[in-house]
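Colleague: Could you take me through how a few features of a model like this one are read?

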Amino acid sequence: MEALRYIWEGAIPLQIHLHESEVTTIPPPPPAMVLAPRIGYLPLLASQIKPYFSSTLPPGVDTIWFEYKGLPLKWHIPTGVLFDLLCAEPERPWNLTVHFRGYPRQLLIPCEGEDSIKWSFINSLKEADYIVNGNTKNVMSMSQPDLVVLWRSVLNAGDLEAYLRISSKLKLGGTDHEQLLKSISTSSLPGQSTSEMDIAGKVMTGRIPVRLYVRNVGEDFDNLEDAPPVNNWDDVSYINRPVEIHEECKCFTLHDAIRSLLSELFLEKATTKEESTTIIGEEEQSDCTEQVDCKKTEERAPNFCDEHVQSYHPSIKLVRIQGIEPKCEIPFSWVVNNLMNPEYFLHICVFVTVQQVRC
């Protein structure tokens, strides 16, 4: 429960500036300071932000959207995931620009306020249900009152017990919510040891819904603050693919999960002109750093190569989940049980560097 509460109550301090093209007063308004829930979505902040800027907005219909360093932000990605992905070096407060006019429909799917976000969340639940159970019956059969309570618990990002009570009925795997509810009610009883109550490390099998965001930051660097910004969403590879855990996988780690999702980055043999084989040390493996096939890398990232480059060595710079950078040898079951988002997807941000080896 403690780990879940940290995730549920996690928030990011935002400093939100109104775009200069929408400022009609002199002097312009100061930025708004907002604490945004990690599991929430940026447009849900409209009720806090719009009143603050309303007196300076030009006439027109309000359609809120945000940008970071010129990049329009996708509203259906949780706020915490956007922060982890776009801020290589965490920026606090996170400086965002808000717009109420000129919605970029050619870049972002339309958002009609809370209802759009609500149904996007429910569709993700259905997708998770299908991945885990092969159908969407559990979500489709939810009563309307339960659906309202579930959404309100996420919208307010505060009522974890209400969320657990409703979500336990979905039987979507991951965290055992039914057992968690029992632990809430019995945690103060004598004779219950922590090991008996703690199910955070429960080993699971089956298909785990995962959304992987792979950001290519170019050549390696020492400081994360030197990472180039994301100029457009084409710079980010999005992989929506389940991770399968089989019963025989007793020590299935986060490294194993990422390896299954990015198998092309984890080839044991790196092909060069001399057909040399690179053996990767155990220390590099624990850091999720492995060599890859030169030819396949050229096919996936032609913009990295020129006539003088002999081969490429992509490696994983860091893995970030819920704002933390877990060690890759950690059991994947622990990661899923503790770091999954409310819509039952595990969001993993991966930063990839590419070392160019020249002739």
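**Reading contacts, burial and helix packing**

Modeller: Setting aside neighbours within four places in sequence, Arg215 is in contact (heavy atoms within 4.5 Å) with Leu85, Leu86, Cys87, Ala88, Ala227, Pro228, Pro229, Val230, Asp235, Val350, Phe351 and Val352. This is a predicted model, in which local features need pLDDT of at least 70 and side-chain atom pairs count only at pLDDT 80 or more, while totals for chains, interfaces and linings use all residues. Residues are numbered from 1 along each chain as its sequence is written, and side-chain values use heavy atoms, with hydrogens and water left out.

Colleague: Which side chain of opposite charge is nearest to Arg215, and how far away is it?

Modeller: A salt bridge requires a side-chain nitrogen of Lys or Arg within 4 Å of a carboxyl oxygen of Asp or Glu. Arg215 has none, although this residue is buried (under 20% relative accessible area, with a 1.4 Å probe and protein chains only); the nearest side chain of opposite charge, with Lys and Arg counted as positive and Asp and Glu as negative, is Asp235, 7.5 Å away.

Colleague: Is Leu96 buried or exposed?

Modeller: Leu96 counts as buried because its relative accessibility is 0%. This residue lies in strand S5, residues 94-99, where strands are DSSP runs of E with at least two residues, numbered from the N terminus. Beyond residues up to four places away in sequence, Leu96 touches several others, including Leu14, Phe66 and Leu73. Its C-alpha atom is separated by 6.2 Å from that of His17, which is 79 residues apart along the chain.

Conventions. Helices (H or I, at least four residues) and strands (E, at least two) are DSSP runs, numbered from the N terminus. Buried means under 20% relative accessible area, exposed over 50%, partly exposed in between (1.4 Å probe, protein chains only).
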